[in-house]
Amino acid sequence: MTRGPLPLRGWLASGAVFAAFLALWWTASNGGWISRVFLPTPEATWASLAEGLGAEGELLAFTGATVARMLQGWLLASVAGVALGALIGTSAAARAYLQPTLEFIRPLPASALLPLAISIFGLSGNMVLSVVAFGAMWPVLLATVHGFAAVEPRLKEVAACLQLSRRAFVWKVGLPNALPDILAGMRLSMTVSLIVAVVGEMIASQPGLGQAILLAARSFRASELFAGIVLLGLIGFASNAMLALAEKNLLKWQAP
């Protein structure tokens with residue numbers, strides 16, 4: 001009986017914090033604390049958002065392009081990360097040989113590889129997609145390796161007694177054990193894919209919210225810039241909420 005009000009309290013608290021943030025924003029812009037050239041009012045931002053998402057606006061198309069690029073890169077990263085992670089996580093020898101290389105490459109910012117990707121693919125959508133997939137792969141890969149490596153040794157002994165093949169062990173034992181880690185890595189990967197997609201759009205001049213925000217900043221159209229930022233926040237919030245819901249449904253078997 002005590003669990004019912006907690007979600008409601010959480011939503012009310014979050015709403016109160018959001019309302020306080022909007023009030024501070026409104027006060028700072030309308031009170032002249034910061035010039036409206038750099039900080040538009042919430043009303044101006046909302047007007048630009050409504051206009052951009054309208055029939056004659058371009059924000060809707062830009063949003064679709066960014067979301068499509070983000071999802072494509074995230075899916076590629078997830079498939080590659082799970083496949084490579086399962087291969088490495090089920091082999092102690094592979095972990096011993098590849099761990100130093102993985103630790104060397106993992107900290108490299110994906111945006112730092114943009115010049116290399118440009119030299120290979122040119123200023124194209126494929127260039128942005130490749131960098132998004134590379135940057136978003138690491139959270140999934142490392143989470144998958146950890147999940148498979150943490151399989152209970154007694155389960156490995158049982159699998160050996162049952163003479164399970166490596167493929168059967170991965171599918172029936174390793175993957176269920178690693179699934180919580182994999183899903184957590186995929187949620188983090190989604191955030192990374194959105195960030196890298198926006199940076200890639202800015203640098204490669206590809207249609208999307210990144211390009212729209214950059215052009216608005218260069219033209220000192222602060223309300224349009226903030227409208228793009230608001231859309232990015234909404235995309236991140238919605239994608240994280242959907243993945244959290246999917247994670248909850250897929251891990252029902254863990255509930256006591």
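Phe21, Trp25 and Phe226 form one aromatic cluster. The model that shows this cluster is predicted, and its confidence deserves a look before the details.

Over the chain, the mean pLDDT is 84, with 96% of the residues at 70 or more. Helix α3, residues 59–89, has the highest confidence, at a mean of 91. The lowest is found in helix α7, residues 153–161, where the mean is 76. At the start of the chain, residues 1–5 have pLDDT under 50. For these residues the model has 0 contacts beyond four places in sequence. Where pLDDT is low, the predicted coordinates should not be read in detail.

Back to the aromatic residues. The count of aromatic pairs comes to 3. Phe134 and Trp138 make an edge-to-face pair, because their ring planes stand at 85 degrees, over the 60 that this class requires, with the ring centres 5.8 Å apart. Both residues belong to helix α6, which covers residues 125–149. They sit 4 residues apart in that helix, about one turn. How does each partner count, as buried, partly exposed or exposed? Phe134 has a relative accessibility of 25%, so this residue counts as partly exposed. Trp138, at 8%, counts as buried, since the limit for that class is under 20%.

The next topic is the pockets. The largest pocket holds about 590 Å³ of space. It is lined by 15 residues, and those closest to its centre are Phe18, Phe21, Leu22, Val230 and Leu234. Phe21 is thus named here as well as in the aromatic cluster with Trp25 and Phe226. Helices α1 (5–30), α2 (42–52) and α10 (222–250) each supply at least two residues of this lining. Which helix gives the most to it? That is α10, with 6 residues. By class, the lining of the largest pocket consists of 13 nonpolar and 2 polar residues, with no charged ones.

The second largest pocket contains about 300 Å³ of space. Its lining is made of 14 residues, and Gly52, Glu58, Leu59, Arg221 and Glu224 are the closest to the centre. At least two lining residues come from each of α2, α3, α9 (209–218) and α10. Helices α2 and α10 are therefore named for the second largest pocket and also for the largest one. What classes of residue make up the lining of the second largest pocket? There are 6 nonpolar, 3 polar and 5 charged residues, while the lining of the largest pocket has no charged residues.

Conventions. Residues are numbered from 1 along each chain as its sequence is written. This is a predicted model: local features need pLDDT of at least 70, side-chain atom pairs count only at pLDDT 80 or more; totals for chains, interfaces and linings use all residues. Side-chain values use heavy atoms; hydrogens and water are left out. Rings of Phe, Tyr and Trp (its six-membered ring) pair if their centres lie within 6.5 Å; planes under 30 degrees apart count as stacked, over 60 as edge-to-face and the rest as tilted. Buried means under 20% relative accessible area, exposed over 50%, partly exposed in between (1.4 Å probe, protein chains only). pLDDT is the predictor's confidence in each residue, from 0 to 100. Contact means heavy atoms within 4.5 Å. On a 1 Å grid over the protein atoms alone, a cavity is a set of points where a 1.4 Å probe fits but cannot get out, and a pocket is an open set with protein on both sides within 12 Å along at least five of seven lines; lining residues have an atom within 4 Å of a point. Grid points are joined across faces, edges and corners, and a volume is the space filled by probe spheres set on the points. Ala, Val, Leu, Ile, Met, Phe, Trp, Tyr, Cys and Pro count as nonpolar, Asp, Glu, Lys and Arg as charged, and the others, Gly among them, as polar.
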